[in-house]
Amino acid sequence: MENAPPAEPNDQPARAASTPAKPKSEWKDLASFLVKLALIVFVVRSFIFSPFSIPSESMLPRLLIGDYLFITKWNYGYSKHSLPWSLPLIPGRVFPGTPARGDVVVFKAPPGNDTDWIKRVIGLPGDTVQMVDGQLILNGKPVPKQHVANFVLPITPNFQRCQPQFEQIDAQGNAVCAIPRFRETLPNGKQYDVLDQGMLPKDNTGVYTVPAGHVFMMGDNRDNSMDSRFSHEEGGIEFVPLQNIEGKAIVNFWSTDGSASWLLPWTWFTAARWNRIGEGF
């Protein structure tokens with residue numbers, strides 16, 4: 001038996017076990033993280049829920065200037081107005097739904113459709129709405145209106161426009177505003193409080209017939225709300241298209257009386273209206 005020839009030496013150098021990994025770019029990782037975060041925020045704000053702050057007194061007594069609340073986005077379907085900046089990515093409405101009478105909703109205000117407003121839905125498509133001597137008439141029938149205890153609100157940086165006849169001093173010597181308050185009950189059983197400061201022009205109106213695809217909105221502060229009772233020429237919104245509705249108000253998550261200063265962190269807590277946090281609709 002012949003012996004096997006000896007193996008020839010391998011002249012090629014041994015190949016490296018592995019190629020060293022290139023160092024990662026921290027800036028690239030950060031950019032990737034920010035893009036993903038922006039996409040998540042975009043999806044959540046567009047389709048699930050979004051925050052909203054109260055800029056005016058039109059929804060007193062339920063909502064005060066300085067309240068912050070969440071709105072849910074899925075209740076009435078989606079349109080371009082569901083998206084930030086009303087991006088034209090959704091044609092018409094998808095998964096459409098109609099709000100119930102009494103729902104508090106955020107919407108793009110006509111005619112510009114570029115400003116977020118919040119009001120209460122009073123009339124649905126086909127309804128007739130009228131005000132007679134401060135009484136809401138819905139489909140020809142008066143909505144029950146019961147006087148309840150006055151709404152008493154302290155005078156703070158977020159609320160200073162109190163009519164002289166409603167100004168009072170409370171037991172602690174603080175200036176407050178005591179406004180007549182009434183409780184309305186809609187035909188579906190929904191109850192809510194409204195303020196009525198006396199007889200003003202829009203306490204008597206003609207009959208409004210809500211067209212298809214629209215709703216009639218009103219503020220709870222009936223004598224301090226530009227709403228569907230007012231024409232566009234008067235600064236009002238007239239009937240609001242359903243596709244303009246962005247979402248339904250569900251809960252207050254923060255509230256401040258406006259006395260806080262960013263440079264004084266402890267005032268963030270003293271200015272908070274803790275009793276309003278967690279209030280639902």
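The following exchange asks how several descriptions of this predicted model are justified.

Reader: What kind of model is this, and how are its residues counted?

Author: This is a predicted model, in which local features need pLDDT of at least 70 and side-chain atom pairs count only at pLDDT 80 or more, while totals for chains, interfaces and linings use all residues. Residues are numbered from 1 along each chain as its sequence is written, and side-chain values use heavy atoms, with hydrogens and water left out.

Reader: What makes E1 and E2 paired strands?

Author: Strands (E, at least two residues) and helices (H or I, at least four) are DSSP runs numbered from the N terminus, and two strands pair if DSSP finds at least two bridges between them. E1 (residues 49–53) and E2 (residues 67–72) have five bridges in the antiparallel sense, so they meet that criterion. Within this pairing, serine 53 stands opposite tyrosine 68 of E2. E2 also pairs with E15 (residues 245–255), in the antiparallel sense and over six bridges, and there phenylalanine 70 has valine 251 in E15 as its bridge partner.

Reader: Why are E1 and E14 called edges of their sheet?

Author: The sheet is open and antiparallel, with seven strands in the order E1-E2-E15-E3-E4-E13-E14. E1 and E14 (240–241) each have a single partner strand, so one side of each is left without a neighbour in the sheet. In general, strands of a sheet pair through backbone hydrogen bonds, either parallel or antiparallel.

Reader: Which strands stand at the edges of the four-stranded sheet?

Author: That open sheet runs in the order E7-E6-E5-E12, again with antiparallel pairing. Its edge strands are E7 (141–142) and E12, each of which pairs on one side only. E5 (residues 128–132) and E12 pair over two bridges, with threonine 128 opposite threonine 209 in E12.

Reader: Which side chains of E1 are buried, and which are not?

Author: The side chains alternate along the strand: Ser50 and Phe52 point to one face and are buried, whereas Phe49, Pro51 and Ser53 point to the other and are not. Buried here means under 20% relative accessible area, exposed means over 50%, and partly exposed lies in between (1.4 Å probe, protein chains only).

Reader: Why is the contact between arginine 181 and aspartate 193 called a salt bridge?

Author: The term requires a side-chain nitrogen of Lys or Arg within 4 Å of a carboxyl oxygen of Asp or Glu. The N to O distance for arginine 181 and aspartate 193 is 3.9 Å, so the pair qualifies. The pair links distant parts of the chain, with arginine 181 in E10 (residues 175–185) and aspartate 193 in E11, twelve residues apart. Arginine 181 counts as buried because its relative accessibility is 19%, and aspartate 193 likewise counts as buried at 15%.

Reader: How do you know that glutamate 184 and arginine 222 form a salt bridge?

Author: Their closest N and O atoms are 2.9 Å apart, which satisfies the cut-off given for a salt bridge. Glutamate 184 is in E10 and arginine 222 is in the loop between E13 (214–218) and E14, 38 residues apart. Glutamate 184 has 0% relative accessibility and so counts as buried, as does arginine 222 at 5%.

Reader: What makes lysine 190 partly exposed?

Author: Its relative accessible area is 25%, so lysine 190 falls between the limits for buried and exposed. Lysine 190 lies in the loop between E10 and E11. Contact means heavy atoms within 4.5 Å; not counting residues up to four places away in sequence, lysine 190 touches Arg101, Gly102, Arg120, Glu184, Thr185 and Phe281. A polar atom of the lysine 190 side chain lies 3.0 Å from the backbone oxygen of phenylalanine 281.

Reader: Where is lysine 202, and which residues are in contact with it?

Author: Lysine 202 is in the loop between E11 (191–195) and E12 (208–209). Leaving aside neighbours within four places in sequence, lysine 202 is in contact with Met131, Tyr208, Arg229, Phe230 and Glu234. The side chain of lysine 202 reaches the backbone oxygen of arginine 229 at 3.2 Å. Arginine 229 also forms a salt bridge with aspartate 227, with the closest N and O atoms 2.9 Å apart, and both of these residues are buried.

Note on methods
A polar contact is a pair of N or O atoms within 3.5 Å; within protein, one must be able to donate a hydrogen and the other to accept it, and residues adjacent in sequence count only if both atoms are side-chain atoms.
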